[in-house]
Amino acid sequence: MITETGNLENEENKVTLAESQNASPQEHDNSEFAYNTDLEVLTEENPVEGKSLDEILDEMEKTINLKDAGSYSRTFQQLKDAASHLIQDEVDEKKHHYLEEGNDENTFSYQHPKTSRLNALVSIFKEKMDDFHKKQDEEHSKNLEERHEIIERLKNLYSNSEPGTNLFKAIREIKEAWSNAGQVPKSEFKNLNNNYFHHLKMFNEMLDLNKEYLEQEYAHNLEKRMHIIDRAKELLEEPLVQKALNELQYLHKLWKEEAEPVAEEFREKTWEDFKEVSQKIHERKSELIATLERDQEANLAKKNEIIETLQKLATPDKNINHNYWQNSIKTVENLRLDFLKIGSVPKKFSNQIWTDFKQNLRAFNTAKNSFYKDLKDSQIKNLEAKIILIKTAQDNMNSEDWETAVPLFKKLQEDWKNVGHVPRSQANKVWDEFRNACNTFFKNFRDKNSATTDNWKDNYKHKKALLEELKTISNEEGSIEKIEQIKNQWNAIGKVPKDKLSINTEFNKALRERLKLNKINEFDLHEENLSESQITDKARKIKNQISDLEAEVVKLENNISFFSNASRENPLLKDTYQKIDDKKALLESLKLSLHNIIANNEN
């Protein structure tokens with residue numbers, strides 16, 4: 001029931017101002033509108049909703065650095081619980097993978113890299129909390145002393161006031177001082193509050209003899225009540241329901257502490273008006289709950305959609321390969337982040353939706369791991385096949401039986417393309433061995449035959465075939481090896497007819513496009529079979545590019561020098577410093593390529 005007076009502990013201690021003796025029984029029961037500074041805000045945003053582990057830890061650090069950080073203990077605890085939860089989930093995931101690989105559960109050991117930071121933040125916040133409570137105790141003691149002094153002023157006002165004292169002004173100052181005084185220890189609140197209202201009642205009884213004061217007091221309090229009612233009516237239009245409910249609690253506090261008493265003819269009417277508006281505002285709780293339920297249902301639908309997508313990714317209905325899983329890994333990570341960013345769902349579905357999400361995430365990882373386990377087995381078989389090809393190439397690389405050896409090496413190269421991938425740790429090693437054997441053979445073949453048996457038309461056919469093959473290369477794994485192989489074969493082929501020289505331009509254009517697609521510089525290719533003139537031309541191009549890059553770096557650094565704050569922390573210079581770093585990195589790569597060309601040529 002809505003009641004008019006204050007929120008004291010029990011009925012016998014509930015005291016109003018001068019008119020309390022005439023109040024009706026229901027006006028002493030204010031449990032529904034008792035002022036509560038700890039009112040939970042239903043629409044308050046969850047501080048951990050949608051945040052990653054790093055973001056939560058950063059938020060914990062920000063909370064620690066706030067002034068009076070100890071007053072944010074509830075927020076910090078939510079952040080701490082969420083961080084612990086995410087860390088434990090990742091540990092469980094690691095353990096799941098560990099056991100999936102056939103390992104013993106007793107041998108599992110994993111220390112999450114973020115655990116030490118979390119523990120440090122919790123330790124620092126505990127120190128902040130201790131300091132906060134210490135300061136709070138000191139402040140409560142000070143406030144208690146201040147409230148005792150206010151009560152003494154109130155006692156003196158009705159027992160020892162000097163003639164001519166403006167009682168109206170004095171009691172207003174005392175009430176205002178009492179309203180503004182801070183919190184006191186909980187153990188002292190009940191007696192202190194009862195004591196204050198007791199002396200306030202005594203003061204009002206003394207005022208029964210002072211008609212002039214009562215008229216001033218009644219008029220002032222009536223005006224105060226009307227302001228409170230007007231503000232309550234405005235809250236009916238407040239779009240944020242929770243804000244309206246919170247402020248209504250505060251208006252009831254003001255009504256009790258600063259709007260009593262009023263003349264009898266206005267007392268009941270003003271209270272009924274205020275009570276009616278208050279009831280209408282409280283009825284708006286249903287709006288708040290309905291909005292929250294709609295949002296939660298929408299969030300549930302979004303999360304179920306993500307779970308369905310995870311299920312499809314974990315059980316594809318088509319032939320899957322390395323590229324599929326690499327793309328899916330990125331997709332799943334984005335889905336995971338989206339899932340965490342989505343707000344809360346209805347409480348009855350909360351645990352189940354989280355469990356479903358984790359199970360489907362785990363199912364995806366299990367399917368992915370199974371694929372790569374099988375892939376590893378096939379790569380070992382591919383490695384064995386390529387070792388056989390290398391052995392055949394090395395046994396025949398010095399052969400001069402061209403009619404037999406040339407078709408053999410072409411067949412070896414074709415077989416190499418068809419074998420497939422090998423373990424990454426062995427890929428460069430076996431490729432270098434096979435490439436060196438092939439390059440040795442084709443160099444011998446060119447040296448022995450180009451001067452006397454060079455067939456320009458056949459050369460053109462070979463180059464045309466290589467050009468068409470180059471155009472088919474994409475950016476999949478192993479493409480760079482194919483490009484290097486084609487380039488070295490191209491270098492080993494002799495001249496073409498003069499009217500077919502344009503094929504060289506076409507090849508270079510196609511080569512640049514394939515290199516750009518695979519994000520590699522032409523000078524980083526491992527080229528063999530280059531003639532002296534080709535080596536010289538390549539070195540010249542690298543030198544020119546080095547010279548251009550050095551000039552660009554000098555120009556950028558010169559531009560930076562005109563800024564008074566030329567440090568890397570200056571946000572205006574962030575992109576410029578990044579460009580300088582990228583160009584210097586490219587410079588080092590080009591210088592290394594030039595060094596290798598010169599060193600190999602000298603040898």
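## Helix α15

In this predicted model, the buried residues of α15 are S479, I483, E484, Q485, I486, K487, N488, Q489, W490, N491 and A492. The helix is thus mostly covered, with 11 of its 14 residues buried.

The length of α15 can be checked against its residue count. The helix runs over residues 479-492, and at 1.5 Å a residue its 14 residues should span 20 Å. The C-alpha atoms at its ends are 20 Å apart, so the expected and modelled spans agree.

## Nonpolar cores

The largest nonpolar core has 21 residues, and F409, W416, F434 and F441 touch the most other members. Two or more residues of this core come from each of α11 (347-396), α12 (402-419) and α13 (424-453). The largest share, eight residues, is supplied by α13. In soluble globular proteins, nonpolar side chains tend to be buried together.

Leaving aside residues up to four places away in sequence, F409 is in contact with A393, N396, M397, A437, C438, F441 and F442. A second core, separate from the one above, holds 20 residues; among them are L144, L167, F168 and A170.

## S328 in helix α10

S328 lies in helix α10, which covers residues 322-341. Is S328 buried or exposed? Its relative accessibility is 3%, and the cut-off for buried is under 20%, so S328 counts as buried.

Which residues does S328 touch, not counting those up to four places away in sequence? The contacts of S328 are L313 and F364.

## E552 in helix α17

E552 is placed in helix α17, residues 532-560. With 35% relative accessibility, E552 falls between the limits of 20% and 50% and therefore counts as partly exposed.

In sequence, E552 and K579 are separated by 27 residues. Their C-alpha atoms are 9.7 Å apart in space.

## The chain as a whole

The protein chain contains 18 helices and zero strands. Of its 603 residues, 37% are buried. The exposed area of the chain is about 36,200 Å², of which carbon and sulfur atoms supply 49%.

Among contacts with a sequence separation of 6 or more, 77% join residues 24 or more positions apart.

Notes:
Residues numbered from 1 in each chain as written. Predicted model: local features only at pLDDT ≥ 70, side-chain atom pairs only at ≥ 80, totals over all residues. Heavy atoms only, no water. Helix = DSSP H or I, 4+ residues; strand = E, 2+ residues; numbered from the N terminus. Buried < 20%, exposed > 50% of the residue type's maximum accessible area, 1.4 Å probe, protein only. Contact = heavy atoms within 4.5 Å. Core = buried A, V, L, I, M, F, W, Y, C linked by side-chain atoms within 4.5 Å. Expected span 1.5 Å × (residues − 1). Areas by Shrake-Rupley, 256 points an atom, 1.4 Å probe, with all protein chains shown as cover.
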